[in-house]
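Good morning, and thank you for making time for this short presentation. Please bring the sequence and the structure up in front of you before we begin.

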Amino acid sequence: MSEEGAGQEDVSRSVLRVLWRHHWWSFEQFIEEARSLSEEEFGRDLGLSYGSVHGIIAHLVGSEIVWLKRVTLNESVTRIPGQS
């Protein structure tokens, strides 16, 4: 790989690290807010793509499983676990 290509790889890794940290920071913020909800609020259908806050969290966790399998096992999952 040329020196120029190596530099681009370093930048890409740097950007990915920043995005990864932001991803987990925002996920933790969302979970903290969800913890403050009553059971009724947590399960209430909000008319959104995944229904309730519970549905959103289930989708997020399922998506993490899909990406983990792609990255660590080179396995392509066509459906998010737990989603119909």
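Let me start with a question: by class, which residues does the lining of the largest pocket have? There are four nonpolar residues, two polar ones and one charged one. I should say at once that the model we are discussing is a predicted one.

With that said, let me name the residues concerned. The lining consists of Trp20, His23, Ser63, Glu64, Trp67, Leu68 and Val71. The charged member is Glu64, since Glu is counted as charged, whereas His and Ser are counted as polar. The space in this largest pocket comes to about 250 Å³. Two helices, α1 (3-35) and α3 (53-73), each contribute at least two residues to the lining. Of these, α3 gives the largest share, with five residues.

Allow me to step back to the chain as a whole. The protein chain has three helices and zero strands, and read from the N terminus its elements follow the order α-α-α. Of the 84 residues in the protein chain, 19% are buried.

As to confidence, the mean pLDDT of the protein chain is 85, and 85% of its residues reach 70 or more. Among the helices, the mean is lowest in α1, at 85, and highest in α2 (residues 39-43), at 97. As a general caution, predicted coordinates should not be read in detail where pLDDT is low.

I turn now to the aromatic side chains. How many aromatic pairs does the structure hold? The structure holds two. One of them is formed by Trp20 and Trp24, with 5.7 Å from centre to centre and 75 degrees between the planes, an edge-to-face arrangement. Trp20 and Trp24 are four residues apart in helix α1, so about one helical turn separates them. Is Trp20 buried or exposed? Trp20 counts as exposed because its relative accessibility is 51%, and the cut-off for that class is over 50%. Trp24, by contrast, is partly exposed, at a relative accessible area of 28%.

Trp24 also pairs with Phe27: the ring centres lie 5.5 Å apart and the planes stand at 85 degrees, so this pair is edge-to-face. Trp24 and Phe27 are both in helix α1, three residues apart, which is about one turn of the helix. Why does Phe27 count as buried? Phe27 has a relative accessible area of 17%, and buried means under 20%. Taken together, Trp20, Trp24 and Phe27 make up one aromatic cluster. Trp20, as you will recall, is also among the residues that line the largest pocket.

Another ring in that lining deserves a remark, namely Trp67. Arg70 lies over the face of Trp67, at 4.6 Å from the ring centre.

Next, some contacts between residues that are separated along the chain. Glu39 is placed in helix α2 and counts as exposed because its relative accessibility is 74%. Glu39 and His54 are 15 residues apart in sequence, and their C-alpha atoms are 9.7 Å apart in space.

Finally, we come to the segment after α3, where we find both Asn74 and Ile80. Which of the two is buried, and which is exposed? Asn74 is exposed, with a relative accessible area of 72%, while Ile80 counts as buried at 19% relative accessibility. The C-alpha atoms of Ile80 and Gly62 are separated by 5.3 Å, although these residues are 18 residues apart along the chain.

Asn74 has a further feature in its backbone. Its phi is near 55 degrees, a positive value in a residue other than glycine. For context, most residues other than glycine have a negative phi.

To close, I would return you to the pocket and the cluster. The largest pocket takes its lining in largest share from α3, and Trp20, Trp24 and Phe27 form one aromatic cluster. Thank you for your attention.

Terms used: Residues are numbered from 1 along each chain as its sequence is written. This is a predicted model: local features need pLDDT of at least 70, side-chain atom pairs count only at pLDDT 80 or more; totals for chains, interfaces and linings use all residues. Side-chain values use heavy atoms; hydrogens and water are left out. On a 1 Å grid over the protein atoms alone, a cavity is a set of points where a 1.4 Å probe fits but cannot get out, and a pocket is an open set with protein on both sides within 12 Å along at least five of seven lines; lining residues have an atom within 4 Å of a point. Grid points are joined across faces, edges and corners, and a volume is the space filled by probe spheres set on the points. Rings of Phe, Tyr and Trp (its six-membered ring) pair if their centres lie within 6.5 Å; planes under 30 degrees apart count as stacked, over 60 as edge-to-face and the rest as tilted. Buried means under 20% relative accessible area, exposed over 50%, partly exposed in between (1.4 Å probe, protein chains only). A charge sits over a ring if NZ of Lys or CZ of Arg is within 6 Å of the ring centre and within 35 degrees of the ring normal. pLDDT is the predictor's confidence in each residue, from 0 to 100.
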